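Open the model in a viewer and keep the selection tool at hand. The stops below go from the whole chain to single side chains.

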Amino acid sequence: MPTFFELVSPFLIGGISGCTATTFVQPMDTVKVRIQVRSELKGQGQAVNVSTLEIVRDILKTEGPFGFYKGIGAALLRQVTYATTRLGLYRAIDDHFKRTYDRSMYFKERCLASSFSGFVGSIVGNPADLCLVRFQADTLLPAAQRRNYKNVFDALYRIVSEEGLLTLWRGSLPTVIRAIAMNLSMLTTYDQIKDIIVSLHGKGKEDYTDKLLSSAAAGIGCAIASLPPDNLKTKLQRMKIDPATGQFPYKNIGDCFLKTIQREGVTGLWVGLPVFYTRVGPHAMITLLVQDTLTQMWNPPKKKN
């Protein structure tokens, strides 16, 4: 029978791992959101520059170095909710298989567990994710239309009071799709490739190099699989009612998907992929490496008699 600590430790470790990674990669996440927003404006006919270097210069010029950490409170709250749930639940399921069946999950089981964990995590983390996107995109709005949230708690309060409780889950469908794609390509890929590498070198157990290579591969998979839904999520979560028409620019995720392709082309779904990888790749690697390190520290393997 597992102890209370054995049950909660995967969730604690997941949250700490996610927050650690986010602290390092938040600047690239801010740049990624600005690229997506500018690409949308360019597709609408506005003369904007989507160059990564130009966006970095603009942030430094108008907001200073701390502008890269715009919405860090919402980002950390997102990890406390989203990462804690998606990483913790997956590892808890894996621990259950090890205790019950004395083995790790098979590939099919890993796919199901990572998808389910991503789904649950995205629902829990969507409110904080919504706040984060709005923080990062706010300065790109005309001054009269900016929301100017003071902090993440002010954002949550105002969103509920001004737009209704369910608005916290606006864009939740692409968030769910993104989370499933992210978890499936990150956790399943990491564990599967690590097992393959260990079986190839014949050492019988994984070492740091195995983890590094596996996490790098997982990061590449994450970036390619999750950018399209991430792009749609950003557009749905930041949208405001058009004063001229009295309507939102997108009716739903399907409408957002079709309009994105019409205005930006199919490749527009992957706009900013290099920047997105520099955010998602290191984030995945740091998260997985910290998670494995803390797991080994807090739950050392038991010696067999």
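Start with the whole chain and its surface. The accessible surface of this predicted model comes to about 14800 Å², and carbon and sulfur atoms account for 66% of that area. The C-alpha trace spans about 75 × 40 × 35 Å along its principal axes. The radius of gyration is 20 Å, which agrees with the value near 19 Å for a compact globule of 305 residues. Of the 305 residues, 48% are buried. Among contacts between residues at least 6 apart in sequence, 78% join residues at least 24 apart.

Switch to a cartoon. The chain has 9 helices and 0 strands, so the pattern along the sequence reads α-α-α-α-α-α-α-α-α.

Next, colour by the annotated repeats. The unreviewed UniProt entry places "repeat: Solcar" at residues 5–96, 105–196 and 206–297. Select 5–96: this span is 82% helix and 0% strand, with its end C-alpha atoms 14 Å apart. Then select 105–196, where the chain is 74% helix and 0% strand and the end C-alpha atoms lie 14 Å apart.

Go to aspartate 94, in helix 3 (residues 72–101). Is aspartate 94 buried or exposed? Its relative accessible area is 4%, so aspartate 94 is buried. Apart from neighbours within four places in sequence, aspartate 94 is in contact with Ser104 and Met105.

Now show charged side chains. Side chains of opposite charge can pair when their charged atoms come close. The model holds 24 salt bridges, and a few are worth selecting.

- Arginine 103 and glutamate 109: their side chains form a salt bridge at 3.0 Å, N to O. Arginine 103 is partly exposed at 23% relative accessible area, and glutamate 109 is partly exposed at 21%.
- Arginine 158 and aspartate 154: the closest N and O atoms of this salt bridge are 4.0 Å apart. About one helical turn separates the two, because they sit 4 residues apart in helix 5. Aspartate 154 counts as buried, with 17% relative accessibility.
- Glutamate 264 and lysine 235: this salt bridge has an N to O distance of 2.6 Å. The pair links distant parts of the chain, 29 residues apart, with glutamate 264 in helix 8 (residues 253–264) and lysine 235 in helix 7 (residues 208–238). Glutamate 264 is buried at 17% relative accessible area, and lysine 235 is buried at 1%.

For a wider set, select Asp29, Lys32, Arg78, Asp129, Arg178, Asp230, Lys233 and Arg279 together. These residues are linked in a network of salt bridges.

Finish on the outside, with the surface representation on. Which residues make the nonpolar surface patch of about 670 Å²? Select Phe116, Phe119, Ile123, Val160, Leu165, Leu166 and Trp169 to see it. Helix 4 (residues 107–137) gives the most to this patch, with 3 residues. Leucine 165 lies in the loop between helix 5 (152–163) and helix 6 (172–201). Leucine 165 counts as exposed because its relative accessibility is 52%, where the cut-off for exposed is over 50%.

Definitions and conventions:
Residues are numbered from 1 along each chain as its sequence is written. This is a predicted model: local features need pLDDT of at least 70, side-chain atom pairs count only at pLDDT 80 or more; totals for chains, interfaces and linings use all residues. Side-chain values use heavy atoms; hydrogens and water are left out. UniProt positions are given in the numbering used here, feature names are shortened, and annotations may be inferred rather than shown by experiment. Patches are made of residues with over 30% relative accessible area and no salt bridge: like charges are joined within 9 Å, nonpolar side chains (Val, Leu, Ile, Met, Phe, Trp, Tyr) within 5 Å. Accessible areas come from the Shrake-Rupley method with a 1.4 Å probe; for residues, only the protein chains shown count as cover. Buried means under 20% relative accessible area, exposed over 50%, partly exposed in between (1.4 Å probe, protein chains only). The radius of gyration is taken over C-alpha atoms; the globule rule is 2.2 Å times the number of residues to the power 0.38. Contact means heavy atoms within 4.5 Å.
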